Amino acid sequence: MPTKADVARSNRQRGKRNEKALTKILGGERVGIFGGEDIVVKDKGLSVEAKSRQSFVAEKWMEQAEKNCGGKLPIVIVHVKGKNHNKDLVLIRLEQFKDLI
């Protein structure tokens with residue numbers, strides 16, 4: 001059974017691989033300073049916080065949006081009860097996001 005240190009190391013390595021892949025896709029620069037932004041895409045004015053998960057509940061939400069979109073751009077907007085709607089999160093597939101920027 002892996003130790004907590006092994007799991008933490010594996011997670012950091014997975015995070016670095018994810019950051020490198022996204023940097024290449026977005027044409028940005030990997031900053032990767034612990035606690036700061038992960039990727040900067042200066043010509044687009046983007047500061048990216050990259051996350052890598054083995055599973056993510058919002059994947060099912062996006063699949064539902066894609067099933068129901070009828071050829072339009074599927075997005076998912078997540079609202080946290082008690083928060084201002086201006087702080088809601090908007091989820092979109094990376095391939096479609098690239099087309100928008």
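Right after helix α2 comes Gly70, with a positive phi near 60 degrees; helices here are DSSP runs of H or I of at least four residues, strands are E runs of at least two, and both are numbered from the N terminus. This is a predicted model, so local features need pLDDT of at least 70 and side-chain atom pairs count only at pLDDT 80 or more, while totals for chains, interfaces and linings use all residues. Residues are numbered from 1 along each chain as its sequence is written, and side-chain values use heavy atoms, leaving out hydrogens and water.

Back to α2 itself (residues 58-68): Ala58, Met62 and Ala65 are buried, meaning under 20% relative accessible area with a 1.4 Å probe and protein chains only (exposed is over 50%, partly exposed in between). They sit on the same side of α2 because they cover an arc of only 60 degrees around the axis, taken from the directions from the helix axis to the C-beta atoms. Lys60, Gln64, Lys67 and Asn68 are exposed on the other side.

Now for α1. This helix has 23 residues and reaches 32 Å from first C-alpha to last, close to the expected 33 Å, which is 1.5 Å times one less than its number of residues. Gly27 follows α1, and its phi is positive too, near 70 degrees.

Here is what sits around the buried residues of each helix:

| Helix | Buried residues | Packing partners |
|---|---|---|
| α1 (4-26) | Gly15, Asn18, Glu19, Leu22, Thr23, Leu26 | β1 (29-30), β2 (39-41), β3 (46-48), α3 (94-100) |
| α2 (58-68) | Ala58, Met62, Ala65 | including β4 (76-78), β5 (89-91) |

Contact here means heavy atoms within 4.5 Å. Overall, the elements run α-β-β-β-α-β-β-α from the N terminus.
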